[in-house]
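Please read the following walk through one chain with the sequence and the coordinates open beside it. The route starts at a single loop residue and then widens to the whole chain.

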Amino acid sequence: MADEELPKDFPLHQRHMREALRQAELAAAEGEVPVGAIVVHEGTMIAAAYNQREALHDPTAHAEMIAITQAAAALGSWRLAGCTLYVTLEPCPMCAGAIVNSRLPRVVYGAADPKAGAVDTLYSLLRDPRLNHASEVVGGVLAEECGDILRQFFRQKRQK
């Protein structure tokens with residue numbers, strides 16, 4: 001992303017992405033694929049989660065899904081107006097669907113996902129005009145750090 005393309009609130013996005021990275025580190029420590037997510041509502045973090053598919057034996061226990069559920073509970077509404085989802089990896093089709101259904105107005109992600117990315121890489125679900133909601137998307141925030149934690153995790157898995 002060239003400097004002229006950076007949104008004016010990019011430093012804020014970096015600060016929040018660091019919180020999502022902390023969640024990813026917790027996932028890695030538990031042997032989960034290190035993806036972390038937070039939801040910020042009007043400047044306040046209201047949800048923080050990481051992948052828990054192994055621990056919960058649940059294929060839907062992605063960081064984004066858990067964070068969206070936490071945020072909805074915190075707001076007392078399934079509509080996440082005024083919220084931003086920060087996630088270390090580009091959301092998959094399942095998570096992109098949950099983002100659309102929760103009416104999240106903004107999504108900020110770190111690393112692109114060439115195998116399952118449904119925001120920019122393989123699909124563009126959050127900007128598809130055929131759907132009933134579109135989200136503003138900012139991709140590539142701390143992309144190198146977000147990708148590094150995943151590469152390191154899978155490198156260690158292959159060595160075992």
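In this predicted model, arginine 79 sits in the loop that links helix 3 to strand 3. Its relative accessible area is 47%, so arginine 79 counts as partly exposed, a class that lies between the 20% and 50% limits. Apart from residues up to four places away in sequence, arginine 79 touches Ser102 and Arg103. A longer reference distance runs from arginine 79 to alanine 143: the two are 64 residues apart in sequence, and their C-alpha atoms are 28 Å apart in space.

One of those contacts, arginine 103, comes just after helix 4 and has a positive phi of about 60°. Arginine 103 also appears among the contacts of asparagine 132, which, with neighbours within four places in sequence left aside, are Val100 and Arg103. Asparagine 132 belongs to the loop between strand 4 and strand 5, the latter covering residues 136-138. With 55% relative accessibility, asparagine 132 is classed as exposed. Between asparagine 132 and alanine 29 there are 38 Å from C-alpha to C-alpha, at a sequence separation of 103 residues.

Val100 leads into helix 4 itself. This helix spans residues 93-101, and Cys95, Ala96, Ala98, Ile99 and Val100 are its buried residues. What do the buried residues of helix 4 pack against? Their partners are helix 3, strand 3 and strand 4, the last of these being residues 106-111. As background to such spacings, an α-helix has 3.6 residues a turn, so residues three or four places apart point the same way.

Helix 3, one of those partners, runs over residues 63-75 and contains glutamate 64. The unreviewed UniProt entry places the feature "active site" at Glu64. Is glutamate 64 buried or exposed? Its relative accessibility is 4%, which means that it counts as buried, the cut-off being under 20%. Beyond residues up to four places away in sequence, glutamate 64 touches Val35, Ala37, Leu85, Val87, Leu89, Pro91, Cys92 and Cys95. Cys95 in this list is one of the buried residues of helix 4.

Strand 3, another partner of helix 4, covers residues 83-89 and includes threonine 88. The relative accessible area of threonine 88 is 0%, so this residue is buried. Once neighbours within four places in sequence are left aside, threonine 88 is in contact with Met17, Ala20, Leu21, Ala24, Pro34, Val35, Gly36, Gly110, Ala111 and Cys146. Val35 is also among the residues that glutamate 64 touches.

Two further loop residues have positive phi values without being glycine. Glutamate 42 has a phi near 50° and is found in the loop joining strand 1 (36-41) to strand 2 (44-50). Its relative accessibility of 66% is over the 50% cut-off, so glutamate 42 counts as exposed. Histidine 57 likewise has a phi near 50°; its loop lies between helix 2 (53-56) and helix 3. Histidine 57 is exposed too, with a relative accessible area of 72%.

These parts can now be set in the whole chain. There are 5 helices and 5 strands, and their order along the sequence is α-β-β-α-α-β-α-β-β-α. The radius of gyration is 15 Å, close to the 15 Å that the globule rule gives for 160 residues, so the chain is as compact as a globular protein of that length. The C-alpha trace spans about 45 × 40 × 30 Å along its principal axes.

Of the 160 residues, 46% are buried. Where contacts join residues at least 6 apart in sequence, 56% of them are between residues at least 24 apart. The chain exposes about 8300 Å², with carbon and sulfur atoms supplying 52% of that area. Its side chains include 16 positive and 20 negative ones, and the centres of the two sets lie 3 Å apart.

The UniProt record, again an unreviewed entry, places the feature "domain: CMP/dCMP-type deaminase" at residues 11-138. Over that range the chain is 35% helix and 23% strand, and the C-alpha atoms at its ends are 12 Å apart.

Key:
Residues are numbered from 1 along each chain as its sequence is written. This is a predicted model: local features need pLDDT of at least 70, side-chain atom pairs count only at pLDDT 80 or more; totals for chains, interfaces and linings use all residues. Side-chain values use heavy atoms; hydrogens and water are left out. Helices (H or I, at least four residues) and strands (E, at least two) are DSSP runs, numbered from the N terminus. The radius of gyration is taken over C-alpha atoms; the globule rule is 2.2 Å times the number of residues to the power 0.38. Buried means under 20% relative accessible area, exposed over 50%, partly exposed in between (1.4 Å probe, protein chains only). Contact means heavy atoms within 4.5 Å. Accessible areas come from the Shrake-Rupley method with a 1.4 Å probe; for residues, only the protein chains shown count as cover. Lys and Arg count as positive and Asp and Glu as negative; His and the chain ends are not counted. The place of a charge is taken as NZ of Lys, CZ of Arg, CG of Asp or CD of Glu. UniProt positions are given in the numbering used here, feature names are shortened, and annotations may be inferred rather than shown by experiment.
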